Amino acid sequence: MNISFNVEDAVRKRYSVRNYSHKDVETEKRDKIEAFIRALENPFGNRINFHYLDGSGIKDVEKLGTYGVIKGAKHYIGTTIKLADMALEALGYEFEVMILYLAHLGIGTCWLGGTFDRKGFAEAMKVDEGDLFPVISPYGYAADKKHIKEMAMRKVIKADQRKPWKELFFKDGFSTPLTEDEAGDLAFPLEMIRLGPSASNKQPWRIVLMDGNLHFYEDREPGYSDRFPYDIQRVDMGIAAAHFDLSVKEKEIKGYFDKDSNPGITLPGNMEYVFSWIRD
Ligand SMILES: Cc1cc2nc3c(=O)[nH]c(=O)nc-3n(C[C@H](O)[C@H](O)[C@H](O)COP(=O)(O)O)c2cc1C
């Protein structure tokens with residue numbers, strides 16, 4: 001997988017677009033996007049399937065429900081997986097790399113894990129029975145203005161804010177926050193994680209620096225995933241892995257992901273170990 005865009009530009013450009021203009025995404029751009037998706041890989045090895053839905057082919061794409069959250073979108077991309085260890089993280093990783101690529105192309109997207117008619121979209125996208133269908137995203141050019149419901153949603157979930165470093169990043173355990181100075185060359189990849197999207201903007205990623213390696217934890221929100229047959233916040237952990245991985249690769253900082261390097265430190269509250277990044 002070769003990334004040809006500037007990571008920070010794409011991360012800062014991306015935001016959830018919920019109101020789309022009527023301008024179609026050009027066929028050659030859609031071909032480029034599909035080629036980019038075919039080349040996607042993830043560090044966890046699970047296979048992610050992508051499904052496309054375009055207004056041109058399906059008359060009823062506007063009628064498919066997003067509970068009034070998305071307006072004007074003509075194109076959608078969805079993903080399916082077989083539920084397996086690290087599959088949700090792998091999905092989060094690949095889908096977010098795609099979303100950053102679209103941001104780089106000037107095309108808007110919006111992660112949808114909850115507010116879409118899963119059954120209707122599954123039928124339209126010909127999802128196999130038995131596959132998990134956790135997220136879709138519309139894509140297209142943003143309309144000039146946000147719609148009213150969109151503005152209200154952004155306010156409720158404080159979509160323009162992110163948690164400060166001291167609540168997310170730690171050293172040698174969860175008692176001591178990690179400063180940007182102490183993070184050294186890892187400050188940039190960590191900052192890119194901090195700016196990332198997450199379900200309901202809950203930002204569940206917590207990261208501990210120990211002996212030069214980073215250990216990634218999920219601060220799981222009790223009850224949040226009860227309406228799904230999986231923990232949707234694991235997708236957020238995959239998004240963190242994507243922002244981190246693209247950033248270290250761009251800066252030529254060498255290391256690899258490993259899910260069996262749990263340092264066994266004492267965990268507060270609802271914290272769960274997910275994976276580590278081991279520095280070479
Ligand atoms: C896994 C995941 C699921 C999401 N599900 C929804 C959803 O169902 N509906 C919605 O309107 N936004 C959804 N979002 C978008 C988030 O609310 C949004 O990313 C967050 O509030 C930050 O805002 P921003 O994307 O504009 O930076 C989801 C985001 C993620 C990462």
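1. Let me start with the loop between α8 (187-194) and β7, where S200 sits. In this predicted model, S200 has a positive phi, near 50 degrees, in a residue other than glycine. S200 counts as partly exposed because it has 18 C-beta neighbours inside 10 Å.

2. A second backbone angle to look at belongs to Y67, which is not a glycine and yet has a positive phi of about 55 degrees. Y67 is found in the loop that links β1 (49-54) and β2 (75-81). Here the count is 11 C-beta neighbours inside 10 Å, so Y67 is classed as exposed.

3. Next, the ligand. Which residues are the closest to it? They are W111, G113, G114, P197 and N201, out of 22 residues that surround the ligand. By class, the shell holds 14 nonpolar residues, seven polar ones and one charged. Helix α9 gives the most, with three residues. Both domains take part: domain 1 (7-154) and domain 2 (161-279) each supply at least three residues of the shell.

4. On to the domains themselves, which the domain assignment places at 7-154 for domain 1 and 161-279 for domain 2. Their centres, taken over C-alpha atoms, are 24 Å apart. Across the boundary, 21 residues of domain 1 contact 23 residues of domain 2. On the domain 1 side, the elements giving two or more residues are α1 (7-13), α3 (87-104) and β4 (132-140). The largest share there is that of α3, with eight residues. This side of domain 1 is made up of 14 nonpolar, three polar and four charged residues.

5. Now the sheet. How are its six strands ordered? The order is β6-β5-β7-β8-β10-β9, in an open sheet with mixed pairing. The edge strands are β6 (176-177) and β9 (255-258); each has a single partner strand, so one side of each is left without a neighbour in the sheet. Helix α9 (residues 233-250) packs on this sheet and touches β7, β8 (213-219), β9 and β10 (271-279). The direction of α9 makes about 155 degrees with that of β8.

6. One pairing within the sheet deserves a line of its own. Strands β5 (residues 169-171) and β7 (residues 205-210) run parallel and are joined by three bridges. Within this pair, K171 stands opposite L209 in β7.

7. If you open the model again, α9 is a handy place to begin: this helix packs on the sheet and also gives the most residues to the shell around the ligand.

Technical notes
Residues are numbered from 1 along each chain as its sequence is written. This is a predicted model: local features need pLDDT of at least 70, side-chain atom pairs count only at pLDDT 80 or more; totals for chains, interfaces and linings use all residues. Two strands pair if DSSP finds at least two bridges between them. Helices (H or I, at least four residues) and strands (E, at least two) are DSSP runs, numbered from the N terminus. Two residues are in contact if their C-beta atoms, placed from the backbone, lie within 7 Å. Axes are lines fitted to C-alpha atoms, for helices over the stretch in contact, and angles run from 0 to 180 degrees between N-to-C directions. Domain bounds come from an automatic or database domain assignment. Ala, Val, Leu, Ile, Met, Phe, Trp, Tyr, Cys and Pro count as nonpolar, Asp, Glu, Lys and Arg as charged, and the others, Gly among them, as polar. A residue is near a molecule or strand if its C-beta atom, placed from the backbone, lies within 6 Å of it. A residue is buried if 20 or more other C-beta atoms lie within 10 Å of its own, exposed if 12 or fewer, and partly exposed in between; C-beta atoms are placed from the backbone.
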